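Colleague: Got a minute to go through this one with me? Put it up and I'll start asking.

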Amino acid sequence: MAEPAPTRPAVQHLVVRYAKRGKMRFASHRDVARAFERGVRRAGLPIAYSAGFTPHPKISYAGGAPTGVASEAEYLSLGLTDRQDETQVCQRLDAALPDGIDVIDVTEDVGKGAGTAFGHLEASEWRVVLPGVGPAAAQRAVAGFLTLGEAPVERLTDKGVRRLDARAAVVDMNVLEMGPTTADPDGGQRAAVTGLEDCAILRMVVLHTAPAVRPEDVLTALREQAGIVPSSPPMTTRMAQGPRALLTREALLTGEKGS
């Protein structure tokens, strides 16, 4: 049997931040991965491949947003066999991807590997539009939720029913004030909202735990604890990922106490 052709090592590791918008929020993680593999080829990027008889492109993904959820902060890592200018990679890759998957920025990973590239992604900031829920009712529900010691919920998975503590993963949550762009974080949500007066918009910061607690789990807890039931499916968008301190008010509060 013929030996596999030798692969060139990766000499540059790039971290790509991209958005999943509009109809592409319904794309699965596998669909997005296929789109990026095709996009890398179309963009002519010198992607590195794994060794062995079935080489795979060296593309690593941080935990993706669930199917049906939009995002402004998805991340992946590319291993390249020749050094490339980050701005050029950003432009070429973005042009090669389908509408709704948009490359926001590309930076070099000085740690040289997905393990270091994603190590700072400790939590996610989510924005959830709740049609048919008044802001006052949402504020009462959030206040009650934050006083809970735990909020056990159940979610049906491929491996059966999983029990989670939604409260333990939430480090910050509040109801946003309505503004001209508050309900339209990904360019397509406002069309599904009949008016800014008939919905509440939650902002929550959720830790990346194992097993993962999703915004839908928090909404399940709000329904069970406070009877919060949207009139139509909630519209969820991941707005950011990063260190917990940067996504919460903790740093600001610490500064105020020390002044």
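Colleague: Which residue follows α1, and what is its phi like?
Modeller: That's Gly-44, and its phi is positive, near 70°. Keep in mind that this is a predicted model.

Colleague: Noted. What about α1 itself, how many residues does it have and how far does it reach?
Modeller: Helix α1 covers residues 29-42, so to speak a 14-residue run. From first C-alpha to last it reaches 20 Å, close to the 20 Å expected at 1.5 Å a residue.

Colleague: Which of its residues are buried?
Modeller: In α1 the buried ones are Val-32, Ala-33, Ala-35, Phe-36, Gly-39 and Val-40. They sit on the same side of α1, because the arc they cover around the axis is only 160°.

Colleague: And what's on the other side of α1?
Modeller: Arginines: Arg-30, Arg-41 and Arg-42 are exposed there.

Colleague: What do the buried residues of α1 pack against?
Modeller: Four strands and a helix are listed by name here: β1 (12-20), β2 (59-61), β3 (70-80) and β4 (101-108), plus α2 (86-96).

Colleague: OK, α2 then. Which residues are buried in that helix?
Modeller: Val-89, Cys-90, Leu-93 and Ala-96. Their arc around the axis is only 140°, which puts them on the same side of α2. These buried residues pack against β1, α1, β3 and β4.

Colleague: What caps the N-terminal end of α2?
Modeller: Asp-85 does, with a side-chain oxygen 3.1 Å from the backbone nitrogen of Thr-87.

Colleague: You mentioned Cys-90. How many disulfides are there?
Modeller: The count comes to 0.

Colleague: And the cysteines, is Cys-90 buried or exposed? What about Cys-199?
Modeller: Cys-90 counts as buried because its relative accessibility is 15%, and the cut-off for buried is under 20%. Cys-199 is buried as well, with a relative accessible area of 0%.

Colleague: Switching topic: where does Arg-238 lie?
Modeller: In strand β10, residues 235-242. Arg-238 has a relative accessible area of 4%, so that arginine is buried.

Colleague: Which side chains does the side chain of Arg-238 make polar contacts with?
Modeller: One polar contact goes to the side chain of Glu-74, at 2.9 Å. Another goes to the side chain of Ser-124, also listed at 2.9 Å.

Colleague: Now Thr-107. Where is its place, and is it buried or exposed?
Modeller: Thr-107 is in strand β4. With 41% relative accessibility, Thr-107 counts as partly exposed.

Colleague: What is Thr-107 in contact with, leaving aside its neighbours within four places in sequence?
Modeller: His-13, Leu-14, Val-15 and Glu-86. For Glu-86, the C-alpha atoms are separated by 6.1 Å, though the two residues are 21 apart along the chain.

Colleague: Let's zoom out. How many helices and strands does the protein chain have?
Modeller: There are 8 helices and 10 strands.

Colleague: What share of the residues is buried?
Modeller: Of the 259 residues in the protein chain, 44% are buried.

Colleague: And the surface, what does that come to?
Modeller: The accessible surface is about 13,500 Å², and 52% of it belongs to carbon and sulfur atoms.

Colleague: Last one. What share of the contacts with a separation of 6 or more is between residues 24 or more positions apart?
Modeller: In the protein chain, that share is 78%.

Note on methods
Residues numbered from 1 in each chain as written. Predicted model: local features only at pLDDT ≥ 70, side-chain atom pairs only at ≥ 80, totals over all residues. Heavy atoms only, no water. Helix = DSSP H or I, 4+ residues; strand = E, 2+ residues; numbered from the N terminus. Buried < 20%, exposed > 50% of the residue type's maximum accessible area, 1.4 Å probe, protein only. Contact = heavy atoms within 4.5 Å. Areas by Shrake-Rupley, 256 points an atom, 1.4 Å probe, with all protein chains shown as cover. Expected span 1.5 Å × (residues − 1). Arc of directions from axis to C-beta. Disulfide = S-S within 2.5 Å. Polar contact = N/O pair within 3.5 Å; in protein donor to acceptor, adjacent residues only side chain to side chain.
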